[in-house]
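Dear colleague,

I am passing on the structure we spoke of. My notes on it follow below.

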Amino acid sequence: MTQNTPAAINHADCRTRFIFDDMPVRGLHVRLEKVWQHIAGQKHYPAAIRRALGELLAAGTLLSSNLKIDGTLIVQVQGQGRLKMLVVEATSEQTVRATARWDETAAIGEEESLTDLLGENGVFVLTLQPKDAEPWQGVVPLEGSDIAQMLVNYMKRSEQLDTHIVLAASEQACGGLLVQRLPEEELDANAWEHVSTLAQTVTAEELTTLDAHNVLYRLFHETPPRVFEPEAIEFACTCSRGKVSDMLLMLGGEEVGGVVAEHGSIAVDCDFCHEKYVFDETDINALFGADVVNTVRQEAQRLQ
């Protein structure tokens with residue numbers, strides 16, 4: 001096994017590329033520990049939802065490695081059951097954030113399946129948001145019983161490349177392994193079957209506890225891949241007061257002014273990092289460039 005990474009590198013939060021020189025197959029390994037613990041600690045997630053979110057976080061980190069432009073890859077799983085949405089955002093700057101929304105009044109068993117939680121008409125949504133261009137979005141019905149199967153089926157539809165993905169999440173870490181046939185390259189069917197079969201043998205414990213070097217050695221020591229230097233992955237939230245201001249402007253002066261007139265201010269919490277943005281009457285009037293709060297008050301008095 002070729003290993004190009006210095007021994008001193010911290011493997012707790014990184015993504016590692018590898019390629020097989022003797023066959024057109026590439027791969028990625030990711031393991032997130034501190035990043036995952038920070039994200040999982042933002043809310044009191046039921047175990048089944050936390051596990052699914054961790055798997056999607058690992059998946060989004062794997063898929064974002066293919067970003068060829070500055071921007072963000074947004075991976076979402078949406079449903080109409082007790083689980084409403086899982087979302088992961090991974091940027092070209094090697095940062096990630098993630099969150100989930102669910103019916104917090106519903107009972108959710110520790111071992112419940114993702115398909116049961118999502119209910120009917122679930123969809124998988126992949127959005128590419130370049131910094132300086134229009135976004136692109138793909139939406140397909142969910143096919144598969146877990147995040148890995150859903151992604152493999154999506155990629156078969158969109159990229160039409162043989163791909164195998166394994167994902168895992170525990171309370172301490174989440175991890176993933178992806179192997180994929182290189183596009184426009186001939187690959188012997190037996191060779192692909194050999195690689196993908198070996199990839200399927202990786203365990204959840206190995207993905208959440210071992211670094212790339214050890215995982216790849218265990219799987220492919222007979223046909224070792226060339227391993228590249230790992231990329232550090234960090235948590236970063238892209239929320240800002242300016243973005244919240246833009247959202248309030250979209251809601252309109254009447255609606256926002258009504259809230260402030262009734263409560264004295266309006267507060268918006270970031271769903272990803274729980275940063276709280278508070279706007280009082282002075283802030284809102286300055287934002288809209290008019291005394292929208294007093295206008296709402298006067299209209300309410302007129303209607304009484």
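**Helix α10 and its ends**

The residue that follows α10 is G289, and its phi is positive, near 70 degrees. At the N-terminal end of the helix, which spans residues 281–288, D280 acts as the cap. A side-chain oxygen of D280 lies 3.2 Å from the backbone nitrogen of T282. Please keep in mind that this is a predicted model.

**Salt bridges**

Searching the whole structure gives 15 salt bridges. Three of them are described here.

R17 pairs with E231, with 3.5 Å between the closest N and O atoms. R17 belongs to strand β2 (residues 13–20) and E231 to strand β12 (residues 231–232), so this salt bridge ties together parts that are 214 residues apart in sequence. R17 is partly exposed, at a relative accessible area of 31%, whereas E231 is buried, at 17%.

D271 and K43 form another salt bridge, their closest N and O atoms being 2.9 Å apart. This pair also links distant parts of the chain, 228 residues apart. D271 sits in the loop between β14 (265–269) and β15 (276–280), and K43 in the loop between α1 (34–40) and α2 (47–63). With 23% relative accessibility D271 counts as partly exposed; K43, with 17%, counts as buried because the cut-off for buried is under 20%.

Between E89 and R97 the closest N and O atoms are 3.0 Å apart, which is again a salt bridge. Both E89 and R97 are buried. Finally, R15, R17 and E231 are joined into one network by salt bridges that share partners.

Regards

Technical notes
Residues numbered from 1 in each chain as written. Predicted model: local features only at pLDDT ≥ 70, side-chain atom pairs only at ≥ 80, totals over all residues. Heavy atoms only, no water. Polar contact = N/O pair within 3.5 Å; in protein donor to acceptor, adjacent residues only side chain to side chain. Helix = DSSP H or I, 4+ residues; strand = E, 2+ residues; numbered from the N terminus. Salt bridge = Lys/Arg side-chain N within 4 Å of Asp/Glu carboxyl O. Buried < 20%, exposed > 50% of the residue type's maximum accessible area, 1.4 Å probe, protein only.
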